[in-house]
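Subject: The structure we talked about

Hi,

Here is the structure I promised to pass on to you. Have a look at it first, and then read on for my notes.

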Amino acid sequence: MDEYTSSIENFKMEVNRNFVEKAMELEPLILKSKVIPNQIVRLEKDVDANWKVIEKENFLGNETRKLGKGEAVCFDFKSHIVGYVTFRVKAVGSPPDAPAYLRVKLGEALCEIGEESNTYKGWLSSSWIQEEFIHIDVLPAVIRMPRRYAFRYMEIKVLDTSPKYKVVFEEISCTAVSSADMNKVKTLGGVDQNLAKIDEVAVKTLHDCMQSVFEDGPKRDRRLWIGDLRLQALANYYTFKNYDLVKRCLYLFAGLTQNEGRVGACLFIEPRMIVDDTALLDYSLFFISCLYDYYEATGDEEVLKELWPVAYKQAELAMQEIGEEGIIKDREGFWAFIDWHKDLNKQGAVQGVLIYTLKQAKKMAEVLNLSKEIEILNQYIQRSTIAALEKLWDEKEGFFTSGKHGQVSWATQIWMVLADVFTKEKNEALLDRLFEKNPQVNMVTPYMNHYLVEALILNNRKDKALEIIKNYWGQMIQDGADCFWELYNPENKKESPYGSNIINSYCHAWSCTPTYFIRKYLV
Ligand code: RAM
């Protein structure tokens with residue numbers, strides 16, 4: 001458990017065995033169900049270079065037509081699933097005088113099937129691409145694919161057989177897995193159809209990400225990221241209500257920390273749980289939010305007491321990052337997350353996150369009656385708030401700025417509103433101005449859009465929030481989503497921070513929160 005290698009000098013993982021053991025005891029049962037594809041589809045690129053289904057044919061569990069060298073078949077499993085695929089392949093014609101050679105591609109989205117993977121030049125490893133090459137020496141054969149896939153479409157291409165035989169595929173199925181039980185979620189009554197559909201897709205997204213932990217995306221990264229966990233947990237409190245899974249993840253983050261007890265940005269799950277050597281300032285602070293939300297949802301004082309020191313430690317570490325002027329020091333590189341917008345300066349938004357989370361920490365300290373901590377937190381909240389108003393607020397522009405070039409972004413305004421640096425009236429005016437002036441540095445993730453919707457709801461702009469849920473998440477459905485995506489920029493639908501949209505995740509945790517908003521505030 002303790003040995004760990006990292007390319008970061010002096011990096012070490014700190015282990016709290018008691019916490020890790022508690023997390024292990026909460027390991028969930030994985031529920032399984034069998035899914036079979038019901039259609040065979042054919043794809044083509046349209047004029048905008050998007051992949052579209054141009055032909056469908058029913059496939060009711062029977063066998064495919066005969067396929068020879070260079071021919072392919074693409075199965076549609078009806079909806080997104082996470083699981084293990086099996087199929088049978090048999091030879092037709094003369095006795096097979098050479099192995100069969102297959103390429104199997106699995107895709108959450110059609111682009112993953114349509115694009116040739118060898119054209120991928122992005123910076124995330126191409127090994128995430130769900131594509132396998134298989135030699136089959138003896139036919140017939142049952143192929144049990146060893147990896148877990150996240151997909152809706154599966155294409156099998158025959159790369160070669162021999163001129164003397166062809167192959168047929170049959171008994172195709174997937175054992176779908178999740179630790180979430182769909183039967184636990186009440187269906188929504190009394191909402192319009194569009195909203196009900198958005199809720200359904202959001203619940204499905206959360207369901208497919210709930211495995212032995214809350215994964216960020218079952219295709220990629222299959223990891224426990226804290227920014228994602230926070231939003232999943234919120235959605236979970238209004239749907240599956242699996243409090244133990246949140247508790248397990250809290251104990252994992254608390255039990256496997258980095259140097260000085262810093263909560264890491266994410267945890268790797270297998271072959272054993274370890275903390276990643278990446279630290280993101282906003283993500284470490286969200287440990288505070290995760291604990292705060294968990295306590296709000298459950299009233300579980302035992303967990304609050306036990307994990308409070310870890311939460312407070314994140315506040316202390318962040319307070320050390322405040323510069324002389326009372327503003328979080330700006331840095332180069334991947335030091336905080338906030339959003340994937342490529343030009344975003346993060347300083348202003350992180351200042352907002354700091355104030356927001358320190359306020360939550362203070363509320364927990366009040367529950368626990370910790371007078372010294374309350375006082376310290378109070379001082380820092382006040383100092384950071386005054387500094388934000390004095391140093392980052394630009395009266396002439398009517399916006400908060402960020403970084404040495406005074407960048408105005410959506411993210412900075414949203415986090416300052418959520419931090420309640422201003423009064424409610426001023427928050428409302430700032431949000432209205434944001435839509436009116438539409439600063440160029442906008443948002444590209446559903447994650448950041450979540451916080452925009454939250455800011456609108458908490459500041460008397462429910463109609464606008466609803467409009468965004470319907471337009472942004474609703475538009476994703478129009479564009480073919482059966483789970484919500486990691487990235488979505490309506491102005492550039494192929495946007496990817498990684499260099500290609502085939503590596504994007506199309507069932508992504510941080511995208512699942514429309515169900516939280518709808519169920520908590522809108523019905
Ligand atoms: C993405 C991950 C994850 C997120 C990080 C910061 O790459 O998929 O969802 O939390 O970025």
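Three strands form an open sheet in the order β11-β13-β14, with antiparallel pairing. Its edge strands are β11 and β14, each of which pairs on one side only. Between β13 and β14 the antiparallel pairing runs over 2 bridges, and L267 stands opposite V275 in β14. Please keep in mind that this is a predicted model.

The loops around these strands are worth a visit. In the loop between β13 (266-268) and β14 (274-275) you will find P271, and the peptide bond that joins E270 to P271 is cis, with omega about 5 degrees. A second cis bond runs from R220 to D221, where omega is near 5 degrees. D221 lies in the loop between α3 and β11 (224-225). R222 is placed in the loop between α3 and β11 too, and R222 has a positive phi of about 55 degrees although it is not a glycine. Why mention these at all? Most residues other than glycine have a negative phi, and most peptide bonds are trans.

Next, helix α5 (residues 243-255), which holds F253. Is F253 buried or exposed? F253 has a relative accessible area of 0%, so it is buried. Leaving aside neighbours within four places in sequence, F253 is in contact with L224, W225, I226, L229, V263, G264, A265, C266, L267 and F287. L267 may ring a bell, as the residue that stands opposite V275 in β14. F253 and N16 are 237 residues apart in sequence, yet their C-alpha atoms are 10.0 Å apart in space.

Helix α4 (residues 226-237) contains Q232. With a relative accessibility of 0%, Q232 counts as buried, because the cut-off for buried is under 20%. Not counting residues up to four places away in sequence, Q232 touches L206, C209, F214, E215, A509 and C512.

Now for a pair of strands that share a partner. Strand β9 (residues 149-160) is mostly covered, with 9 of its 12 residues buried. Strand β5 (residues 72-93) pairs with β9 in the antiparallel sense over 8 bridges, and G83 stands opposite Y149 in β9. Strand β6 (residues 100-107) also pairs with β9 in the antiparallel sense, over 7 bridges. There, M154 in β9 is the bridge partner of L106.

One residue of β5 deserves a second look, and that is K78. K78 has a positive phi of about 80 degrees although it is not a glycine. Its relative accessibility is 44%, so K78 counts as partly exposed.

Two helices further along the chain make a nice example of packing. Two packed helices are described by the angle between their axes and the distance between the axes. For helix α8 (residues 347-367) and helix α9 (residues 371-392), the axes come within 9 Å and cross at roughly 155 degrees. That crossing angle means α8 is roughly antiparallel to α9, and α8 passes α9 in a left-handed crossing. If you would like to pick out the side chains, the α8 residues that meet α9 include L354, I355, L358 and A361. On the α9 side, those that meet α8 include I374, L377, Y380 and I381.

The last stop is helix α13. How far apart are its end C-alpha atoms? At 1.5 Å a residue, the 17 residues of α13 (residues 462-478) should span 24 Å, and the end C-alpha atoms are 23 Å apart, which agrees. Its buried residues are A465, I468, I469, Y472, W473, G474, M476 and I477. They pack against α3 (193-209), α11 (424-437), α12 (446-458) and α14 (514-522). Just after α13, G480 takes a positive phi of about 105 degrees.

If you want a short list to start with, I would suggest the cis bond between E270 and P271, the buried F253 in α5, and the left-handed crossing of α8 and α9. Enjoy exploring!

Best wishes

How values were computed. Residues are numbered from 1 along each chain as its sequence is written. This is a predicted model: local features need pLDDT of at least 70, side-chain atom pairs count only at pLDDT 80 or more; totals for chains, interfaces and linings use all residues. Side-chain values use heavy atoms; hydrogens and water are left out. Helices (H or I, at least four residues) and strands (E, at least two) are DSSP runs, numbered from the N terminus. The expected span of a helix is 1.5 Å times one less than its number of residues. Buried means under 20% relative accessible area, exposed over 50%, partly exposed in between (1.4 Å probe, protein chains only). Contact means heavy atoms within 4.5 Å. Two strands pair if DSSP finds at least two bridges between them. Axes are lines fitted to C-alpha atoms, for helices over the stretch in contact, and angles run from 0 to 180 degrees between N-to-C directions. Angles under 35 degrees count as roughly parallel, over 145 as roughly antiparallel, 65 to 115 as roughly perpendicular and the rest as oblique. A crossing is left-handed if the near helix is turned anticlockwise from the far one by less than a right angle, and right-handed if clockwise.
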